Amino acid sequence: MAANLLPVPGLRSGPAWAESLGTAHTPVAGVPFPAWARFARIADGTFDDDADPNLDMKPVIAGLKAQNVSVIEVDTILSNWLTDQQFTEHMGKVRSFVQLAHAAGIRVVMYYPSMELISAGGEKGPSFYKDSDGKDWVQRGLDGKPNVFYGSLVVWVDPGDESCWLSPDSPWRDYYLTRVKALAATGLDAIWPDVPIYFDGALSWCDTSTWATAAFKADTGLSMPVKADFTDLAFRRYVEWRHRNLLQWQLDIAAAGRSVNPDLVTFVETVTMDYQYSTLVGLDGAYLRKAEGVSHVWEVDILGNYDGMRHATATDWTCLISMYKYARAASGTKPAWAFSYGWKADDASLVMAEVLAAGCNPYEVKTPFKTETTDRAMRTRMYGFVAAHQEQLFAATGGAVVGVYHSSSSRDFVSPTEGSGMYVTTKPPTGVKDWWSFNEPQESCTRHEWLGEFRGTVKSLVYAHIPFDTVPSPGIEAADLAPYRVLLLPDLQAVSDAEANVLRAYVEGGGTVVITGPAPTGLDQLGTARSEYALADVLGFRGGGPLPVSRRQAFGAGTCWYFKDLLGLKYLSATDQPSADRLLEAVRTAAPPTVTLTGDRRIHLELSHLGNDTLVQLVNFTGFGDTPAAFKTTPATCTVTLAVPAGQQVLAATVSSPDAASPAPRPVTWTVNGATASVELTVSQYALLAVTMG
């Protein structure tokens, strides 16, 4: 299918300096994601159903190509209720667009909502729920009410329209998969199923339809719970079952597409990220981490629909960093595409800087919709930089030796409370409308025990300039922990026996773990209290007695550090430096950093390696403080110091930035002091430092 495509700009050609940046990318063995997907620069290319290929489609494609876009996401009328004839006719339009885009050297991915169907004018006119199969196929809440609503509840449903959310266990499954197969036959490169969730905007804790009830019974042997009660094991089983049920739905979508076109890949739009929303709507992106041929487009939301991140605090910004790093980790070895929202050019480029630092592929859009760029010149400049440095950004090997464990079970079952926990600041700044939290204090991640501890741990590492990776818990194996000398386990309470065995073996083999919180490994994976801590032997104390305030315990060849206090939550809430120092003592003891930064703590540092190059990405968020203020970019000067291995020396050092007049790397000077080399840099928003040693 792809053999006759012209080269995508930036993938196979470019200036001479770009060709020499690194060795050619070798796809990960066993992971069938092609280079175009791994190096993608994505933008929307929506066309109307009456679009003429030459008059309407070609100009859209040419315009996006001029902005250095390599992949077009096509979002047309597939959100709407269409008859079979309307759908078939539209496939002709899709095929025409794909052919034109391929002729221009651009790949195409088709957006198709996987569980929502909109009936235009359906509130008063005909609708899928009222007049077709919607009544039988709809999701239902714990009280049996249908998950359907009319207009204005969310920005993407116009007044007077109907939004009907369907059960993946109903005949909707075959209806949708049949149409996915038809899409796959048009020559598309990928399919983009929109958020497969049990939508909670109108109802909570769907789906109790007869279809889902039967599926839950068949899987667990249990009757469907009738109320949300985390003290009830059946309800907790239901919470976890929804994760697995949606996982299977995503796998089925990907399999349907590839049954028609074996080269087709799938990117599921995933909005749930690292916070509590996964629990509320069922979609846990990390469950998909090891599945082949299907990855994610992560919808990383911002603070204000009509303000972006312009009024963030510095701590809000570390939450954004946490979400992007989770996105990268939960995608496994596969490409992680991610929304890069902005309101104005300057805040949009800073958000994209974090997308790149995390190793995600940017999908640049203006909030709150996704049909427009925030700024054409900004996108062109940023995407030009990404194209020129794609090997360094997406083919390098991570350099972190510290991991932060993201426990899905602890997120679900440790001290459940209302609110999503997406950011910290819940009070909207003066004059800013449509704020993420609707001014509800319980939405803040500081109100959530487990999430607050996790996010505070991330903040402490970001502020300390210590490179780290997020380590998602689903499917965890020994190989997943092998890169890390230290593994932080924030408020780790809910673990399976298999998880505990992997963690135990990690410590016994020489790893260091840091566990915080009042009940370390005291729950099983479904939140049921254990009679004994799962890692009592590693901790060095047993349940039932008083907890030590802190303890350092040798176990096998490794070490376990334990703190009763929620040190991360304290640091998240008040930037309490003594708490961060206690939390990070084990990190500095067991894994002294090989790259350090002297400068403002609000400079985010990421480390990777490509060939003989050590790569340091720097993102400057010093314009944010402890309280929301007007957005500004203030260049910050810092010094990066690298350890030089014995027998080697620094051969060259360059810095590149999309903030500069050219994306080309420019040489910078370095100083040598014993076994270290230092480079002084001034960072506007983003800088990429490459130090060659040999």
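1. In which helix is the place of Ser278? Ser278 sits in helix α10, which covers residues 277-281. Keep in mind throughout that this is a predicted model.

2. Is Ser278 buried or exposed? Its relative accessibility is 0%, so Ser278 counts as buried. The cut-off for buried is under 20% relative accessible area.

3. What surrounds Ser278? Leaving aside residues up to four places away in sequence, Ser278 touches His243, Thr272, Met273, Leu283, Asp284 and Arg411. Leu283 also offers a polar partner: its backbone oxygen is 3.2 Å from a polar atom of the Ser278 side chain. Pro546 is another matter. Its C-alpha lies 33 Å from that of Ser278, and 268 residues separate the two in sequence.

4. Turn now to helix α3, residues 53-66. This helix has 14 residues, and at 1.5 Å a residue it should span 20 Å. The C-alpha atoms at its ends are 18 Å apart, which agrees.

5. Which residues of α3 are buried? They are Met57, Ile61 and Leu64. Viewed down the axis of α3, the buried residues fall within an arc of 65°, so they line one face of the helix. The spacing fits a general rule. An α-helix has 3.6 residues a turn, so residues three or four places apart point the same way.

6. The other side of α3 looks outward. On the face turned away from the buried side are the exposed residues Asn54, Leu55 and Ala66. The buried residues of α3, by contrast, have cover that includes β1 (42-44), β2 (71-74), α4 (84-103) and α13 (376-388).

7. Check both ends of α3. At the N-terminal end, Asp52 acts as a cap, with a side-chain oxygen 3.0 Å from the backbone nitrogen of Asn54. Just after the helix, Asn68 has a positive phi of about 65°.

8. How many disulfides does the structure hold? The count is zero. Cys206 is in no disulfide, and the nearest cysteine sulfur, that of Cys164, is 11 Å away. A disulfide would need the sulfur atoms within 2.5 Å. Cys206 has 0% relative accessibility, so it counts as buried. Cys560 is buried as well, with a relative accessible area of 1%.

9. Aromatic rings deserve a separate look. Searching the whole structure gives 41 aromatic pairs. One of them joins Trp205 and Phe230 in an edge-to-face arrangement, with centres 5.9 Å apart and 75° between the planes. This pair links distant parts of the chain, 25 residues apart. Trp205 is in the loop between β7 (190-194) and α8 (210-220), while Phe230 is in the loop between α8 and α9 (233-260). Their accessibility can be compared with the cut-offs. Trp205 is buried at a relative accessible area of 11%, whereas Phe230, at 24%, counts as partly exposed.

10. A second pair is Phe339 with Tyr341. The ring centres are 5.3 Å apart and the planes lie at 50°, so the pair is tilted. Phe339 is buried, with a relative accessible area of 0%. Tyr341 is buried too, at 4%.

11. Which residues do ring pairs link into a cluster? The members are Phe33, Trp36, Trp192, Phe267, Trp337, Phe339, Tyr341 and Tyr363. Phe339 and Tyr341, the tilted pair, are thus among the members of this cluster.

Definitions and conventions: Residues are numbered from 1 along each chain as its sequence is written. This is a predicted model: local features need pLDDT of at least 70, side-chain atom pairs count only at pLDDT 80 or more; totals for chains, interfaces and linings use all residues. Side-chain values use heavy atoms; hydrogens and water are left out. Helices (H or I, at least four residues) and strands (E, at least two) are DSSP runs, numbered from the N terminus. The expected span of a helix is 1.5 Å times one less than its number of residues. Buried means under 20% relative accessible area, exposed over 50%, partly exposed in between (1.4 Å probe, protein chains only). The arc is that of the directions from the helix axis to the C-beta atoms. Contact means heavy atoms within 4.5 Å. A polar contact is a pair of N or O atoms within 3.5 Å; within protein, one must be able to donate a hydrogen and the other to accept it, and residues adjacent in sequence count only if both atoms are side-chain atoms. Rings of Phe, Tyr and Trp (its six-membered ring) pair if their centres lie within 6.5 Å; planes under 30 degrees apart count as stacked, over 60 as edge-to-face and the rest as tilted.
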